[in-house]
Amino acid sequence: MSRPVARAGAAPLASAGGWLRVVGLGPGSAGLLAPEAAEAFRDADDLIGYFPYVEMAVRLAGPLRATLHASDNRVEMERARHAFALAASGRKVVVVSSGDPGIFAMATAVIEALHAECVSAGEHAAAWQAVDVGIVPGISAAQAAASRVGAPLGHDFCVLSLSDNLKPWEVIERRLELAATADLVLALYNPISKARPWQLGRAFDLLRRHLPATTPVVLGRDIGRPAERLVVSTLGEVTPEQVDMRTVVIVGSSQTRAFPRGDGATWVYTPRWYDEAGDGEVLSNDEGSPT
């Protein structure tokens with residue numbers, strides 16, 4: 001039986017013992033779920049998130065004692081406010097994301113909701129500020145896909161979302177142009193959807209102006225899940241039809257290499273050094289840097 005819970009906008013109750021955790025599921029396999037994430041799921045009174053991610057949390061960490069609050073994909077701020085209302089009332093609340101919650105996901109919405117309440121001096125500001133908030137990281141889609149082929153993110157790289165729901169397409173194009181000009185490896189999230197069928201093709205065309213057709217491209221779909229699919233292609237051959245919204249696209253730099261594996265698949269990596277002259281000379285090899 002579901003327990004009664006406070007809703008966003010309700011008067012704050014005693015917050016003793018309540019907390020809020022924003023938890024990343026990782027790529028979707030139990031083995032890659034962080035122990036701290038699994039512990040948060042087990043201890044939670046309430047689990048809040050997008051329908052598929054709530055279901056995935058139950059599959060990976062269940063059985064759970066939490067009351068489930070699943071909702072649609074475009075109500076992030078409502079979810080965040082609901083989570084604070086519950087946590088301020090003394091409940092232990094988990095807001096769930098796939099991958100890492102800080103990469104195009106719910107950690108931003110939670111902190112943004114708290115900031116907005118505090119800046120506006122809203123009636124819940126003091127209670128929400130008193131909530132014990134923590135972010136539990138997870139393995140991102142780009143990391144998971146990269147791990148399957150080797151180390152395409154082994155040198156400098158950037159992560160871009162191709163969704164223009166929250167920013168203009170002109171900004172996305174400018175960032176793609178700058179990243180390609182800077183010769184960075186690119187990890188592209190939200191690459192294509194039914195509402196945005198043309199943007200990935202436009203992005204590929206833009207990148208082809210700066211990178212050779214032989215540049216390795218990695219397509220990772222549902223990595224770590226039963227329907228996992230991995231494709232290694234090139235910038236000259238890849239097409240938008242190979243990609244959907246559940247695919248992360250990694251486009252190499254001019255330095256990224258690909259070569260056959262013993263099992264017939266392909267290794268892809270980007271050297272830690274940068275061969276500006278194109279002659280294989282190692283320009284730098286710093287050791288001991290954080291990863």
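Of the contacts formed in the protein between residues at least 6 apart in sequence, 68% join residues that are at least 24 apart. This proportion was computed from a predicted model, in which the secondary structure of the protein amounts to eight helices and 13 strands. Buried residues account for 47% of the 291 residues in the protein, while the area that the protein exposes comes to about 14400 Å², of which 54% is supplied by carbon and sulfur atoms.

Helix α6, which spans residues 141-149, illustrates how one element is placed against others. The buried residues of this helix are Ala142, Ala144, Ala145, Ala146 and Val149, and these buried residues pack against a series of strands, namely β6 (150-151), β8 (185-189), β9 (216-221), β10 (229-234), β11 (247-251) and β13 (266-269). In general, an α-helix has 3.6 residues a turn, so residues three or four places apart point the same way. Helix α6 is followed by Gly150, for which the phi angle is positive, with a value near 135°.

Strand β10, one of the strands against which the buried residues of α6 pack, also contains Thr234. The C-alpha atom of Thr234 lies 5.3 Å from that of Thr215, although 19 residues separate the two along the chain. When residues up to four places away in sequence are not counted, Thr234 touches Ala213, Thr214, Thr215, Pro216 and Val217, so that Thr215 appears both in this list of contacts and in the C-alpha separation given above.

Conventions:
Residues are numbered from 1 along each chain as its sequence is written. This is a predicted model: local features need pLDDT of at least 70, side-chain atom pairs count only at pLDDT 80 or more; totals for chains, interfaces and linings use all residues. Side-chain values use heavy atoms; hydrogens and water are left out. Helices (H or I, at least four residues) and strands (E, at least two) are DSSP runs, numbered from the N terminus. Buried means under 20% relative accessible area, exposed over 50%, partly exposed in between (1.4 Å probe, protein chains only). Contact means heavy atoms within 4.5 Å. Accessible areas come from the Shrake-Rupley method with a 1.4 Å probe; for residues, only the protein chains shown count as cover.
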